[in-house]
Amino acid sequence: MSRARWTPYLLIAPTVLLMAVFLAYPVGSVAYYSLQHYNATRSWANGFAGLDNFRQMLLHDPLFWQSLGFSAQWVVVEVGLQLLFGLTLALIVNETFVGRGLARALVFSPWAVSGVLTTGIWILIYNPSTGVFQQLASWGLGDQGTSVLGDPSTVFPATVVAELWRGVPFFAILLLADLQGIPGELYEAAAVDGATRWQRFRMVTLPHLRDAIVLSTLLRAVWEFNNVDLLYTLTGGGPADQTTTLPLYVARKAVDSHDFGYGSALTTAGFVVLLFFSVLYLRLSKFDRR
């Protein structure tokens, strides 16, 4: 009886140990350094800071609030559009038609491309000298030398489109997998009852996709909030910090300026924001509760 009681704990012990090493320790380290003045270029001023970093961040750093606001805007727009287009593509490739295998491969292929390579592709597309807008200008559509990444009025939609190309397949893959698990008899019964295509989608498809949509949107929201590679490579947070997300601001402070104490405070703030809204979202969506 004693062996049976302790066996489950022994079996999960390696996983718990790995989580403690690779999750709990980094989180604890960041929390510790957020309470320190720790700048590698000003070692003589290093030491315990208490809440000074958080006071500076909340009361005297407008770029923190700007980057947090842009992060929220980025997440809402990206996740909403990716879900919409991903669900549409999943419904299309779930149908039976000639060339469906090729269509699925083309839909899913952007997800296999690395983030830096993706931004390299879109930098070439947006290049004002050789990109698509230069070609359009040669046809009389637009002006020569248009730089959509350097114009404050166009940089946001340009970056959104680039990230959509990479993010839509994520939703398409997950939702297609869930679509294939819906029993066909439900659609047949609905058709016999005279339900239209829209009614079958609303009353049969969406309820079965509910948990998949909640989980995928939450995961993608966390990933988009932490997005660094695409925005850093495309715009570097510019022009005039208009595309600076909170993680990008953290990288600027901690990596570029070597202010690891303040960077840790910014990271802690981002962690708290994500944790709060993740718990709130799961509670409001009643995830996995029928």
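Biologist: Where is the place of histidine 258 in this structure?

Modeller: A friendly word of caution to begin with: this is a predicted model, so to speak of local features we need pLDDT of at least 70, and side-chain atom pairs count only at pLDDT 80 or more, while totals for chains, interfaces and linings use all residues. Residues are numbered from 1 along each chain as its sequence is written, and side-chain values use heavy atoms, with hydrogens and water left out. Helices (H or I, at least four residues) and strands (E, at least two) are DSSP runs, numbered from the N terminus. In those terms, histidine 258 sits in the loop between H11 and H12.

Biologist: What is the phi of histidine 258 near?

Modeller: Most residues other than glycine have a negative phi. Histidine 258 has a positive value although it is a residue other than glycine. Its phi is near 60°.

Biologist: Is histidine 258 buried, exposed or partly exposed?

Modeller: The classes rest on relative accessible area: buried is under 20%, exposed is over 50%, and partly exposed is in between (1.4 Å probe, protein chains only). With 32% relative accessibility, histidine 258 counts as partly exposed.

Biologist: Which peptide bond is cis, with omega near -5°?

Modeller: Most peptide bonds are trans. The cis one here leads into proline 239, a residue of the loop between H10 and H11. The bond runs from glycine 238 to proline 239.

Biologist: That loop also holds aspartate 241; with which residue does aspartate 241 form a salt bridge?

Modeller: A salt bridge is a side-chain nitrogen of Lys or Arg within 4 Å of a carboxyl oxygen of Asp or Glu. Aspartate 241 has a phi near 65°, a positive value, and is partly exposed at 26% relative accessibility. Its closest N and O atoms in the bridge are 2.8 Å apart, and the partner is arginine 252.

Biologist: How many residues apart are aspartate 229 and arginine 166 in sequence?

Modeller: Their side chains meet in a salt bridge at 3.1 Å, N to O. Aspartate 229 lies in helix H10 (residues 229-234) and arginine 166 in helix H7 (residues 155-179), so the bridge ties together parts of the chain whose separation in sequence is 63 residues.

Biologist: Which residues are linked with Arg166 and Asp229 in a network of salt bridges?

Modeller: The whole structure holds 7 salt bridges. Arginine 166 is buried, at 11% relative accessibility, whereas aspartate 229 is partly exposed, at 29%. The network linked with these two also takes in Glu163, Arg220 and Glu224.

Biologist: Over the face of which residue does arginine 220 lie?

Modeller: A charge sits over a ring if NZ of Lys or CZ of Arg is within 6 Å of the ring centre and within 35 degrees of the ring normal. Arginine 220 is 5.7 Å from the ring centre, and the residue beneath is phenylalanine 170.

Biologist: What are the distance of the centres and the angle of the planes for tyrosine 38 and phenylalanine 260?

Modeller: Rings of Phe, Tyr and Trp (its six-membered ring) pair if their centres lie within 6.5 Å; planes under 30 degrees apart count as stacked, over 60 as edge-to-face and the rest as tilted. The structure has 14 aromatic pairs. In this one the pair is tilted, because the centres are 5.8 Å apart and the planes are at 40°.

Biologist: Which residues join Tyr38 and Phe260 in a cluster?

Modeller: Tyrosine 38 belongs to the loop between strand E1 (36-37) and strand E2 (47-48), and phenylalanine 260 to helix H12 (residues 260-285), 222 residues apart. Ring pairs link both of them into a cluster with Tyr32 and Tyr33.

Biologist: Which helix gives the most to the nonpolar patch?

Modeller: A patch is made of residues with over 30% relative accessible area and no salt bridge, with like charges joined within 9 Å and nonpolar side chains (Val, Leu, Ile, Met, Phe, Trp, Tyr) within 5 Å. This one has about 620 Å² of accessible area together, by the Shrake-Rupley method with a 1.4 Å probe, where for residues only the protein chains shown count as cover. Helix H1 (2-33) and H12 each supply at least two residues. With 4 residues, the greatest contributor is H12.
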